[in-house]
Amino acid sequence: AAEPARAKEAVPIASLPFQKVTLYQYDVCPFCNKVKAMLDFHGVPYDVVEVNPLTKSEMKFSKEYRKVPVLVVDDTQINNSGDIMRWLEDNVPSAISLRKRNGTSRDGAAKEKEAKWMRWVDDRFVHVVTPNIYRTWQEAFNSFDYITERGNFNFFERQAVRVSGAVSMYLIAHNVLKKRHGIEDERLELYKDLETWTTEAVGDKAPFCGGNNPNLADLAVFGVMRAVKTFETFDDAMRASPRTQAWYKRMEKEVGAASRSDGIEN
């Protein structure tokens, strides 16, 4: 299992060009965890609102867009994990600086590489990880254990979300995602994708896909993997792919601990 991340102080909100950041999420949602990795990496202080997957009552303010993650920065609502990460890159001073160092602030090979692997995360990797989380009924129910501890829900809401969520995600993973993406053995496909990531995206010449520093693709893959760090999926993947384990540990050191306001570890 992954070791606890090192402690890191959040950036003073007064040093940022906004005053309040709120993330609306499901705790184990891979897309939400992409955003949390970005926020944590740059030390942006943020509040977390756990959304009830059944009622989504916490998102009444969002009339047309009903998915997570949603990031609300002061009075600005940003939807979709990739768009959120790009918005943060455009508005957080340390992210702007890093983009210049990584060479992704201008058109060229570095920017194209980052964009290619960002698309790969959303179009391929997330959809391979998901059937692994819900591979068995037990794993499916374990994945919704978080709902018994997080979020402002009553007992009956927690049990309803845990049962309905586990059942629906198990069925979606097996009857939709595996068929749509041609997956027979989800663990084997995960191992293959991690090999693709570490050999083709990261490679042997630099510690990260972004070179000497993580880029958005590094943060996206890290966020997806960190979302499952307490599951069998994570332990199996680390054992099967030493290259992934080495890269993950480097990323864990770079990202540090969560900068969320409630003190909960991501």
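These legends describe close-up views of a predicted model.

**View 1. The hairpin of β3 and β4.** Strand β3 covers residues 70-73, and strand β4 covers residues 76-79. The two run antiparallel and are joined by four bridges. One bridge pairs Val-70 with Asn-79 in β4. Two residues sit between the strands. In this hairpin, Asp-74 has a positive phi near 55°.

**View 2. Helix α8 and the helices around it.** Helix α8 spans residues 216-226. How many of its residues are buried? The count is 11 of 11. Among them are Leu-216, Leu-219, Val-221, Phe-222 and Val-224. The buried set also includes Asp-218 and Arg-226. These buried residues pack against α1 (30-41), α2 (81-91) and α4 (109-133), among others. Their packing partners also include α7 (186-202), α9 (232-240) and α10 (242-255).

**View 3. The start of α8.** Asn-215 is found here. A side-chain oxygen of Asn-215 comes within 3.0 Å of the backbone nitrogen of Ala-217.

**View 4. Asp-218, a buried residue with no salt bridge.** Asp-218 belongs to helix α8. Which side chain of opposite charge is nearest to Asp-218? That side chain is Arg-250, 7.5 Å away. A salt bridge needs a side-chain nitrogen and a carboxyl oxygen within 4 Å, and Asp-218 has none. A polar atom of the Asp-218 side chain does lie 3.0 Å from the backbone nitrogen of Cys-209. Beyond its neighbours within four places in sequence, Asp-218 contacts Phe-208, Cys-209, Gly-210 and Asn-213. Trp-197, Trp-247 and Met-251 are also in contact with Asp-218.

**View 5. Met-225 and the largest nonpolar core.** This core holds 75 residues. Phe-125, Trp-197, Met-225 and Trp-247 touch the most other members. Helix α4 gives the core its largest share, nine residues. Residues up to four places away in sequence are left out of the following contacts of Met-225. Met-225 touches Phe-125, Leu-194 and Phe-234. Ala-237, Met-238 and Tyr-248 are touched by Met-225 as well.

**View 6. Cys-32 in helix α1.** Cys-32 lies in helix α1. Is Cys-32 buried or exposed? Cys-32 counts as buried because its relative accessibility is 0%, and the cut-off for buried is under 20%. Leaving aside neighbours within four places in sequence, Cys-32 contacts Leu-23, Gln-25 and Tyr-26. Val-68 and Pro-69 are also in contact with Cys-32. Asn-212 lies 180 residues from Cys-32 in sequence. In space, the C-alpha atoms of Cys-32 and Asn-212 are 25 Å apart.

Terms used. Residues numbered from 1 in each chain as written. Predicted model: local features only at pLDDT ≥ 70, side-chain atom pairs only at ≥ 80, totals over all residues. Heavy atoms only, no water. Pairing = 2+ DSSP bridges. Buried < 20%, exposed > 50% of the residue type's maximum accessible area, 1.4 Å probe, protein only. Contact = heavy atoms within 4.5 Å. Polar contact = N/O pair within 3.5 Å; in protein donor to acceptor, adjacent residues only side chain to side chain. Lys, Arg positive; Asp, Glu negative; His and termini not counted. Core = buried A, V, L, I, M, F, W, Y, C linked by side-chain atoms within 4.5 Å.
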